[in-house]
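User: Could you take a close look at one helix in this model for me? I'd like to know what it packs against and which charged pairs sit around it.

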Amino acid sequence: MNQIEFINHVKPFKDKMFRLAKRLLVSTEEAEDATQEVLVKLWNKNNVLNDFGSTEAYAMTITKNYCLDVLKSKRATNLQIVHNNYVENGASLQQKVEDNDSWSWVEKWINDLPEQQKLIIQMRDVEQYEFEEIAKILEMSEATIRVALSRARKTIREKLTNTHNYGIQ
């Protein structure tokens, strides 16, 4: 596979790799470094990329593992999930303030979830991966993915309901 073929092969999912790295590492610079490192690893294996069932799943697995290695090596001190794609057009200023406040709480609660549930919520609800793809990337069964996602959503839903019904926790 030459350079142009390789670029065309990885182009459709390189942004997803960056978003996953950014979600795990928080820092844009570290996410860019991680994405670059993964692309180099893929380039070094470009002769066997077509042998994989899904190059995207393979690349996402490498990205996840690389980011977790970076976190373990103490180069990053904290893990934070940040979502800045939430936009609601036509809402009043009061509604926007309330929505931002609610989203701040949801972010905090997502950060309080176990590592596995954080990754699953990111991949399913933000990145829109199918359960089969998440199962391949995280090396888990689809049933386990569904249970973990359900538990994470339930935890966040209960905390959000309690906050709106009873005030700040």
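Analyst: Here's a walk around helix H5, its two helix neighbours and the salt bridges in that area. Keep in mind that this is a predicted model.

Let's start with the partner that follows in the chain. Helix H5 covers residues 115–126 and helix H6 covers residues 131–138; the two pack with their axes 10 Å apart, at an angle of about 140 degrees. That angle makes H5 oblique to H6, and H5 passes H6 in a right-handed crossing. On the H5 side, the contact is made by Leu119, Ile120, Met123 and Arg124, while H6 brings Phe131, Ile134, Ile137 and Leu138. Sorted by class, that's seven nonpolar residues, one charged and no polar.

Now for the other neighbour, helix H1, which runs over residues 3–25. The axes of H1 and H5 come within 11 Å and cross at roughly 145 degrees, and here too the crossing is right-handed, with H1 passing H5. Arg19, Leu20, Arg23 and Leu24 in H1 meet Glu115, Leu119, Gln122 and Val126 in H5. The class count for this contact is four nonpolar, one polar and three charged residues. Leu119 of H5 turns up in the contact with H6 and also in the one with H1.

On to the charges. A search of the whole structure gives eight salt bridges, and a few of them belong to this part of the story. Arg124, part of the H5 contact with H6, forms a salt bridge with Glu130, with the closest N and O atoms 3.9 Å apart. Arg124 counts as partly exposed because its relative accessibility is 22%; Glu130, at 48%, is also partly exposed.

Next comes Asp125, whose side chain meets that of Arg153 in a salt bridge, 2.4 Å from N to O. This pair links distant parts of the chain: Asp125 is in H5, Arg153 is in helix H7 (residues 142–166), and they're 28 residues apart. Both ends are partly exposed, with relative accessibility of 32% for Asp125 and 34% for Arg153.

Finally, there's a pair inside the neighbour H6. Lys136 and Glu132 form a salt bridge at 3.9 Å, N to O. They're four residues apart in H6, so about one helical turn separates them. Lys136 is partly exposed at 46% relative accessible area, and Glu132 is partly exposed at 47%.

Terms used. Residues numbered from 1 in each chain as written. Predicted model: local features only at pLDDT ≥ 70, side-chain atom pairs only at ≥ 80, totals over all residues. Heavy atoms only, no water. Axes fitted to C-alpha atoms, helices over the stretch in contact; angles between N-to-C directions. Parallel < 35°, antiparallel > 145°, perpendicular 65-115°, else oblique. Left-handed = near helix turned anticlockwise from the far one by under 90°. Contact = heavy atoms within 4.5 Å. Nonpolar A, V, L, I, M, F, W, Y, C, P; charged D, E, K, R; others polar. Salt bridge = Lys/Arg side-chain N within 4 Å of Asp/Glu carboxyl O. Buried < 20%, exposed > 50% of the residue type's maximum accessible area, 1.4 Å probe, protein only.
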